[in-house]
Amino acid sequence: MSQIPRYAQVIVDIAHADVDRVFTYAIPQGMALPIGTRVEVPFGRQVKEGYVLGHADTADLPDSKIRDIIRPLEEYPALLPQLVALARELSQSAHCPLAETLRLMIPAQMRGGRVRVKTEKAAQLLVSGEEMAQARAAQSRAPKRRLLIDLMADGQVHPVSELALLVRSPLEALRVLEEAGIARVFDREVLRAPYPDTPAREQDPVLTPAQQEALGEIVPALKRREGAFLLHGVTGSGKTEVYIRAVRECLCMGLGAIVLVPEIVLTPQMVSWFRARFQNEAAVLHSRLSAGERFDEWRRIRQGAARVVIGARSAVFAPVDDLGLIIVDEEHEGSYLSERVPQYDAREVAHSRARREGAVVLMASATPSILSFAKAQRGDYTLLEMPERVNGLPLPEVTVVDMREELRLGNKGMFSTVLLEELDHCMAQGQQAMLFINRRGYAPSVVCRRCGHTMGCTACDVSLTWHAWDSRLHCHYCGQTSPMPERCPQCASPYLRTCGVGTQRVEEEVARRYPNVEVVRVDNDTTTLKDSHRELINRFRSGKARIMVGTQMIAKGLDFPQVTLVGAVLADLSLNLPDFRSAERSFQLLTQVAGRAGRADKPGRVVIQTYQPEHYAVVAAAGQDYRSFFGVEFARRRRDLYPPFTMLVRLLCQAKDEQTARGISAGIYARVERLMEENPGWKRRVLFYREDEAPIRRIMGRARAQVFLKLLVHPDSEQVLKALQEIAKQDWPGEVALEIDPASLA
Ligand code: ADP
Ligand code: ZN
Ligand code: ZN
């Protein structure tokens with residue numbers, strides 16, 4: 001018989017560097033506390049939550065100094081040991097306390113008991129056959145009880161709420177039956193299901209040769225329990241079917257799988273595809289679920305009832321035991337990077353988790369990130385290619401329209417002649433179209449006609465966007481809104497005009513041109529409600545709406561077979577961002593939008609409108625030519641020393657005013673300079689460093705400044721980063737955050 005250990009090593013759930021270590025507690029007699037169990041412990045004069053991470057039979061403190069664990073919070077260990085190991089690793093790489101990364105491993109609302117198991121009253125007959133007949137006869141003068149016995153004669157568990165549909169207020173009668181030993185009434189757990197109706201099971205299609213070939217590489221890796229793949233498949237090549245078959249293999253081998261999806265709008269589609277094949281074995285985890293739904297889905301996974309998890313980036317921490325496969329769909333997406341503390345890249349976490357647990361990673365995209373494709377070329381990942389669409393459908397035909405030429409010809413509208421003709425044709429044919437513009441709102445700026453002043457946010461250093469639905473100016477950084485001023489705040493002129501185009505304006509324009517066609521708009525403004533994205537997408541999928549206008553949210557992954565026309569209204573928006581990734585992002589966006597057209601039997605047409613038709617990202621996207629884009633971009637990165645050849649590091653300083661912020665950045669700069677003098681060897685690693693205001697000087701009333709460094713990728717660079725981290729942690733009169741290759745350089 002195994003002895004119950006005397007002591008537990010507990011990480012207390014306080015994310016502070018000072019308490020970032022294990023504390024020893026005594027385990028009270030008879031309390032079973034497996035490793036990974038969450039517990040309540042006394043801490044100072046407070047009661048805190050904590051995690052049991054180890055056991056011991058001896059302690060290095062006298063017993064009088066050791067306090068007892070109060071109680072376990074759940075009767076099962078919430079943390080799997082492999083996830084504790086992952087949390088440890090992450091706390092080191094993200095430079096944050098272990099308590100902070102352990103929080104990633106459980107639903108947020110479990111902490112502090114903010115979500116509970118939901119129960120309902122249920123009843124069940126305890127007698128059958130002869131006994132039941134006797135019991136029934138005994139109730140001859142109580143028709144309600146007799147009816148209840150009849151209703152429960154099948155011996156199954158019946159929710160009281162269901163019985164109440166046929167018998168008025170049944171509870172009292174049930175209690176009488178219970179006292180007589182005929183039935184039992186009890187609380188039973190009910191699961192809150194985010195997608196309650198189970199879809200009918202669908203048949204597997206016959207695989208294409210390319211799909212078969214890809215699986216021919218993946219399946220042996222699943223058996224070996226190691227491998228990392230990059231699947232480069234053009235839009236519509238049927239990548240999802242490869243995921244489904246690989247997951248099926250996993251399940252057959254008794255292993256679980258995680259499917260990461262980048263955006264909330266893509267989740268329902270993936271979920272319905274997976275549930276059509278795997279039914280309730282598939283669970284869903286993402287931020288738009290209610291706390292109860294998320295908790296229940298998480299428990300289904302933890303208990304092993306659901307072995308396939310589909311979810312956003314944090315689903316990489318799902319408690320799947322015996323993990324066989326992690327799929328990263330649309331692996332090039334920026335949303336796999338978490339900007340919040342603790343910062344992590346779900347793709348990197350996927351690889352390290354997979355290595356530890358003997359799982360295979362399958363990353364896939366029509367437009368792989370430059371980083372991943374370079375790794376595949378180097379041999380870090382096995383490259384799998386699916387260069388053709390399913391059933392030999394052609395890739396859509398792309399026309400690039402030079403908007404400067406349109407202007408010269410006197411067309412001042414947002415749509416070129418070509419796009420209008422195509423739209424007219426598409427609508428006349430009863431088909432569907434998607435129009436894409438990467439900017440929400442009606443007009444991105446309001447400018448004074450007399451002095452040129454642009455209306456800006458009072459709290460942020462950005463221009464305000466005019467929204468038509470509430471006729472107000474919105475700040476897209478802090479969310480503040482204000483009425484449209486009557487006069488220019490600078491020169492008092494009453495002549496203000498809205499400039500530029502956003503999704504609302506495109507929506508208005510098409511609604512005006514096609515009054516009988518229903519238009520849906522999908523952007524951050526229309527999808528904030530829990531299920532709104534699903535509703536909008538269903539309206540379009542069902543064919544009720546025939547035009548969809550949207551931001552990058554609709555650019556990728558969505559499969560609408562009836563769409564024959566795609567228009568990129570203004571491709572330049574992403575090309576002109578002050579970021580070394582702007583070409584890569586533009587190429588990805590344009591290739592992905594183009595890929596929405598012509599996915600079924602009818603060929604697709606794509607119109608890209610731009611002021612820079614000769615830009616290599618536009619040209620390559622028009623030809624759907626990933627290889628040539630990769631070649632040009634990779635050479636440019638090498639020449640100009642950008643990632644993956646270098647690492648960009650920023651120390652972002654935020655303070656109450658500009659002077660303080662710049663004071664911090666100047667102080668940091670001086671410290672960096674000293675570091676360089678003290679470590680002459682680092683000069684070869686650090687290509688340059690400078691101090692400056694941030695591109696956006698103020699957000700939410702906080703002034704922003706930065707120290708920016710470019711490092712060569714080298715093992716020694718870890719030392720430089722450590723030193724920078726130390727500097728960031730010092731007591732500055734504001735916040736300092738160290739960012740490595742940040743997703744946004746704003
Ligand atoms: P991708 O993600 O590569 O853009 P999808 O996975 O969305 O492509 O697949 C495109 C379409 O092809 C979907 O409608 C899908 O149902 C269909 N499809 C995929 N594989 C097959 C197959 N083997 N046979 C028939 N249809 C398929
Ligand atoms: Zn003015
Ligand atoms: Zn603002």
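Leu435 stands opposite Gly567 in strand E27, where strands (E, at least two residues) are DSSP runs numbered from the N terminus. The model is predicted, so local features need pLDDT of at least 70 and side-chain atom pairs count only at pLDDT 80 or more, whereas totals for chains, interfaces and linings use all residues. Residues are numbered from 1 along each chain as its sequence is written, chains are lettered from A and ligands numbered from 1 in the order in which they are written, and side-chain values use heavy atoms, with hydrogens and water left out.

E19 and E27 (residues 563-568) run parallel and are joined by five bridges; two strands pair if DSSP finds at least two bridges between them. Both belong to an open sheet of six strands with parallel pairing, in the order E18-E28-E27-E19-E26-E25. Its edge strands, each pairing on one side only, are E18 (397-402) and E25 (518-522). On average, neighbouring strands of this sheet are turned by 15° against each other, direction ignored; the axes are lines fitted to C-alpha atoms, and angles run from 0 to 180 degrees between N-to-C directions.

The zinc ion (ligand 2) has the protein donors Cys448, Cys451, Cys488 and Cys491, each through SG, at 2.3 to 2.4 Å. Donors are N, O and S atoms within 2.8 Å of the metal (3.2 Å for Na, K and Ca); water is not among the atoms, so sites may look incomplete. The angles among the four donor atoms of ligand 2 are 104 to 113°, and the site is tetrahedral (four donors with all angles between 85 and 135 degrees). Along the chain the spacing of these donors is C-x2-C-x36-C-x2-C. Cys448 lies in strand E20 and Cys488 in the loop between E23 and strand E24 (496-499), so this pair ties together parts that are 40 residues apart in sequence. Cys448 and Cys488 are both buried, that is, under 20% relative accessible area with a 1.4 Å probe and protein chains only.

For the zinc ion (ligand 3), the protein donors are the SG atoms of Cys457, Cys460, Cys475 and Cys478, lying 2.2 to 2.4 Å away. This site is also tetrahedral, with angles of 107 to 114° among its four donor atoms. The donor spacing is C-x2-C-x14-C-x2-C. Cys457 is in the loop between strand E20 (445-448) and strand E21 (465-467), and Cys475 is in the loop between strand E22 (472-474) and strand E23 (481-483), so the pair ties together parts 18 residues apart in sequence. Cys457 and Cys475 are buried.

Rings of Phe, Tyr and Trp (its six-membered ring) pair if their centres lie within 6.5 Å; planes under 30 degrees apart count as stacked, over 60 as edge-to-face and the rest as tilted. By this rule there are 15 aromatic pairs. Phe317 and Tyr344 form an edge-to-face pair, 5.1 Å centre to centre with 75° between the planes. Phe317 lies in the loop between strand E12 (308-311) and strand E13 (323-329) and Tyr344 in strand E15 (residues 344-345), so the pair ties together parts 27 residues apart in sequence. Phe317 is buried at a relative accessible area of 1%, and Tyr344 is buried at 7%. The ring centres of Tyr442 and Trp466 are 5.3 Å apart with planes at 85°, so this pair is edge-to-face. Both residues, Tyr442 and Trp466, are buried.

Conventions
Tetrahedral: all angles 85-135°; square planar, octahedral: opposite > 155°, others 65-115°. Helix = DSSP H or I, 4+ residues; strand = E, 2+ residues; numbered from the N terminus. Buried < 20%, exposed > 50% of the residue type's maximum accessible area, 1.4 Å probe, protein only.
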